[in-house]
Amino acid sequence: MSVAVIGDLIIDEYLYGESNRLSPEAPVPIVNISDTNMIAGGAANVALNLSSLGMDVTFVALVGNDRNGDRISEILESNNISLRLIKPDNYKTITKLRVYSSGQQMIRADFEDTSISPTEDDIKKILIDGIEAFNYLVISDYQKGSIKYSREVIKVAKSHGLEIIVDPKGKSFDKYYGASFITPNLKELEEFVGDISSKEILRTKLHSFAEDINCKGVILTMSEKGILYYENGKFTDFPTNAQEVYDVTGAGDVVISSFTKALSCNNDNISAVKIANNVAGISVKHIGNYVASLDDFNTWMINQNVL
């Protein structure tokens, strides 16, 4: 099954070293760098998860015509991800650089300019033309400028029978109108609908939210509390299966990727959410940004006598 992922490409770059003296130029430590690591973040991490889960992935994003853009492209292509990249003039690949010394983060420097966005013609040429070749469309929004003309993209994708799954961001979800499924976390939902301090308020507003954006289902991720799923007036709770929750970094990416994979295996919506919740439960047992594997997916499916 094939999936197109559109979203904000972010590079997470790490520099590791030791510090044992202060700079003579300013009262700051000097870190002698001994190791580096570059990780595909943002929507690129969703693409990595989907590819790792065995799906045929095409990634659509803004990227700079620069060294970091070349490096991240190599990483993605080496993971069997097809690229349809938009390279506007003067755009720099979004990079978050972190410097660590003796396990402690010393500084984070962000390189980004969200004033540059794709044009309507860019989106038409890169994604809309030929969108019927895909079975699924995943929109991964980090509010960095890549998600423009999303309502038009969703409308065209629906007309060709694609299931559209959205990981949202921001205070306005109108741009996702008509998507099949949307996967906010508690903070994102609260920013859009306001107070959700009680179970009754949360469920009332979740119902209204789903109707307002005309989606089939809402997958509300609640960190260590698991997932609350809403569809057609019904709520289903999925507590996390993780006995120990060490790190929820990237768990949302695992949820949307595992859910899409489960749908592609002809699971019904409720079963697909259950599968996604359990694969995410594996990811939170690991420190750092964990990429789900096909073994994670199949092991859980086999244990449940699904495969």
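Is Phe235 buried, partly exposed or exposed? I looked this up before anything else: Phe235 is partly exposed, with a relative accessible area of 25%. I note here that the model is predicted.

**Entry: the ring next to Phe235**

I then looked for a ring partner. Tyr230 and Phe235 have ring centres 4.9 Å apart and planes at 50°, so I logged the pair as tilted. An edge-to-face pair would need planes over 60 degrees apart. Tyr230 is buried, at 5% relative accessibility.

Both residues sit in a stretch I wanted to place. Strand β12 covers 227-231, and β13 covers 234-238. The two strands run antiparallel and are joined by five bridges. They form a hairpin with two residues between them. In the turn, Asn232 has a positive phi of about 50°. Across the hairpin, Glu231 stands opposite Lys234 in β13.

**Entry: the nine-stranded sheet**

I traced the sheet outward from this hairpin. Nine strands form an open sheet, in the order β5-β4-β1-β8-β9-β10-β11-β12-β13. I recorded the pairing as mixed. Why is one side of β5 and of β13 left without a neighbour in the sheet? Each stands at an edge with a single partner strand, so one side of each has no neighbour there. The residues of β5 are 81-86.

I checked one parallel pair as well. Strands β1 (residues 2-7) and β4 (residues 56-62) run parallel and are joined by five bridges. Ser2 has Asp56 in β4 as its bridge partner.

Next I asked which strands helix α7 touches. Helix α7 (residues 251-264) packs on this sheet and touches β8, β9, β10, β11 and β12. Its direction makes about 170° with that of β9.

**Entry: the four-stranded sheet**

A further open sheet has four strands, in the order β3-β2-β6-β7. Its pairing is mixed too. The edges are β3 (29-42) and β7 (104-111), each with a single partner strand, so one side of each lacks a neighbour in the sheet. From one strand to the next, the twist averages 20°.

I counted the pairing of β2 (residues 9-22) with β3: antiparallel, over 12 bridges. Leu22 has Pro29 in β3 as its bridge partner. Helix α1 (residues 43-52) packs on this sheet, touching β2 and β3. The direction of α1 makes about 60° with that of β3.

**Entry: helix α1**

How many of the 10 residues of α1 are buried? I found nine, so the helix is largely enclosed by the rest of the structure. Among the buried residues are Ala43, Ala44, Val46, Leu48 and Leu50. Asn45, Asn49 and Ser51 are buried as well. After α1 comes Gly54, with a positive phi near 95°.

**Entry: nonpolar cores**

The largest nonpolar core has 43 residues. I looked for the members that touch the most other members, and these are Phe59, Leu76 and Phe259. I then listed the contacts of Leu76, leaving out residues up to four places away in sequence. Leu76 touches Leu9, Ala40, Ala44, Leu48, Phe59, Ile81 and Leu83. Two of these names, Ala44 and Leu48, are already in my notes as buried residues of α1. There is a second, separate core of 41 residues, including Tyr91, Ile116, Val153 and Ala157.

**Entry: aromatic pairs**

I counted nine aromatic pairs. The rings of Phe192 and Phe209 have centres 5.5 Å apart and planes at 75°, so this pair is edge-to-face. The pair links distant parts of the chain, with the two positions 17 residues apart in numbering. Phe192 lies in helix α5 (residues 186-193), and Phe209 lies in helix α6 (residues 199-212). Phe192 is partly exposed at 23% relative accessibility, whereas Phe209 is buried at 1%. Ring pairs also link these two residues with Phe173 and Tyr176 into a cluster.

**Entry: cysteines**

How many disulfides are there? I count zero, with sulfur atoms required to lie within 2.5 Å of each other. I looked up the accessibility of two cysteines. Cys215 is buried, with a relative accessible area of 13%. Cys265 counts as partly exposed, at 34%.

How values were computed. Residues numbered from 1 in each chain as written. Predicted model: local features only at pLDDT ≥ 70, side-chain atom pairs only at ≥ 80, totals over all residues. Heavy atoms only, no water. Pairing = 2+ DSSP bridges. Contact = heavy atoms within 4.5 Å. Axes fitted to C-alpha atoms, helices over the stretch in contact; angles between N-to-C directions. Buried < 20%, exposed > 50% of the residue type's maximum accessible area, 1.4 Å probe, protein only. Phe/Tyr/Trp six-rings, centres within 6.5 Å; stacked < 30°, edge-to-face > 60°. Core = buried A, V, L, I, M, F, W, Y, C linked by side-chain atoms within 4.5 Å.
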